[in-house]
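Reader: Hello! I would like a close look at a single part of this model, with its surroundings worked through step by step. Could you take me through one strand and what lies around it?

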Amino acid sequence: MINGIINIYKEKGFTSFDVVAKMRGIAHQKKIGHTGTLDPDAEGVLPVCLGKATKVCDLLTDKDKEYEAVLLLGIMTDTQDVTGQVLKEHPVDVNEQQVRETIHSFVGRYEQIPPMFSALKVDGKKLCDLARKGITVERKARPVLIHEIEILSIELPRVRMRVHCSKGTYIRTLCQDIGEKLGCYGCMESLLRTQVAGFMLKDAYRLREVEEIFANGKEKDILFPVDTVFDRYPKCCAVEQAVKLLENGNRIPSSMIPAAPKDEIPIRLYCADGRFVGIYTYQREQEDYKPIKIFME
C-alpha cells in the first residue's frame, strides 16, 4: 500500500470525489481521501491522502486556506456564484475607494451564514440537495476568521482578490456579503485555492501528470511523507529498547525518549532507526508519553 500525501491541482469540472475516484484507479488502492471539498467550478490545491495518511485528512481540513477569487458586483444569484440563477441586479454605482474600504472591513472575525448550495447537513440532509428541490431552510450564522484580504486588481464591476481565511469560510458567501454591504449585490465569478496546510499551488500536479508519473514508477518523487504535516511539532527519537512498545502502540516511559519536552506540546516520535511512529503527548502524572495518532507501518 502507498502511504503519503499528493498535492493535486483540481481542475475545473471535477468534483473532489472525482479526484479521489481517479486516484484510486491510478494508485490501484481504495484507501484514499481528500482534505476539503472544492466546488466543481473551482480550481487549485487539493491534497489527497493515501493509505495511512488518510488519518490526517481531518487535520488538514481544519487548516487555514488561501484563495484567489474574482468578485463580480451588480448581480445576486441563488448559488452565490455565476453558475446560479440571477435573483437580483443593481447598477454598480460605487467607486474604487468604497470597494476597498468595504472589502477590508471583512478582515477579522465575522458571522457568516452558510449557503444553501453547500455540502453541510441539516437533520441529516445536505443543504445542496434541498436547494435543488427548491427548499430553503434556516441556517445559523457561524463565526469565521478572515486573516487577510489583498486586493489584486479592480476593474469594476470585477474585483480580483487574495483571501487568507479560516476553515469553514465560504468565499462565495463572502463575495455576496461584500456586495450586499456595498448596496449593489455581488457573486463569485471564479475561485482558485492557492494554499492549504503548507501545500502550495506551484507544487501541485494535475491528474494527467500524476497518472504519467505513476505509470513510470516514479510516484515517490511526488509523495509527501505523513510526518511533513506535523513539522511544527518537535522531533524526538526513542531509544532502541522501546521498539516493541512502539510497534504495539503502547505508552512510552519518558526515560525512553531522551531530551523530549515534558509539556503539553505534541511531539513527532521516531524509532531509533528513523521510522516515523506518530504523534505523542506527555502525561505528567504517569511520566510517560501517550500516543495520539499512530502511523507506523
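Author: Happy to; what follows starts at strand β12, moves to the core and a helix, and ends with another sheet and its cysteines. Please keep in mind that this is a predicted model.

Let us begin with how enclosed β12 is. Nine of the 11 residues of β12 are buried, so the strand is largely enclosed by the rest of the structure.

Its pairing comes next. Strands of a sheet pair through backbone hydrogen bonds, in either a parallel or an antiparallel way. With β4, β12 pairs in the antiparallel sense, over nine bridges. Within that pairing, Ala69 stands opposite Leu191 of β12. With β3 the sense is parallel, and there are two bridges; here Gly44 has Arg193 in β12 as its bridge partner. A further partner is strand β13 (residues 199-200), which pairs with β12 in the antiparallel sense over two bridges. Gln195 stands opposite Met200 in β13. The hairpin of β12 and β13 has two residues between the strands, and Ala197 in this hairpin takes a positive phi near 55°.

Now to the core. In soluble globular proteins, nonpolar side chains tend to be buried together. Here the largest nonpolar core has 28 residues, and Ile103 and Ile171 touch the most other members. The elements giving two or more residues to this core are β4 (65-73), α3 (96-104), β10 (142-155), β11 (158-165), α5 (171-182) and β12 (186-196). Leaving aside residues up to four places away in sequence, Ile171 touches Tyr67, Ala69, Val163, Cys165, Met188 and Leu191. Two of these names, Ala69 and Leu191, were met above as residues that stand opposite each other in the pairing of β4 and β12.

From β3 we can step to helix α1. Strand β3 (43-50) is among the elements that cover the buried residues of α1, and so are β1 (4-10), β2 (32-34) and α6 (207-215). Those buried residues are Ser16, Val19, Val20, Met23, Ile26 and Ala27. They cover an arc of only 120° around the axis, which puts them on the same side of α1. A check on the helix's length works out too: at 1.5 Å a residue, the 12 residues of α1 (residues 16-27) should span 16 Å, and the end C-alpha atoms are 16 Å apart, which agrees. Following α1 is His28, with a positive phi near 60°.

Finally, another sheet. Five strands form an open sheet of mixed pairing, in the order β14-β16-β17-β18-β15. Its edge strands, β14 (235-237) and β15 (252-253), each pair on one side only. Inside the sheet's order, strand β16 (residues 267-270) and strand β17 (residues 276-283) pair in the antiparallel sense over four bridges, and Leu269 stands opposite Gly278 in β17.

As for the cysteines, a search of the whole structure finds zero disulfides. The closest cysteine sulfur to that of Cys236 belongs to Cys237 and is 7.6 Å away, too far for a bond; the cut-off is within 2.5 Å. Cys271 is likewise in no disulfide, with the nearest cysteine sulfur, that of Cys237, 9.0 Å away. Cys236 is buried, with a relative accessible area of 5%, and Cys271 is buried with a relative accessible area of 3%.

Terms used
Residues numbered from 1 in each chain as written. Predicted model: local features only at pLDDT ≥ 70, side-chain atom pairs only at ≥ 80, totals over all residues. Heavy atoms only, no water. Pairing = 2+ DSSP bridges. Expected span 1.5 Å × (residues − 1). Buried < 20%, exposed > 50% of the residue type's maximum accessible area, 1.4 Å probe, protein only. Arc of directions from axis to C-beta. Contact = heavy atoms within 4.5 Å. Core = buried A, V, L, I, M, F, W, Y, C linked by side-chain atoms within 4.5 Å.
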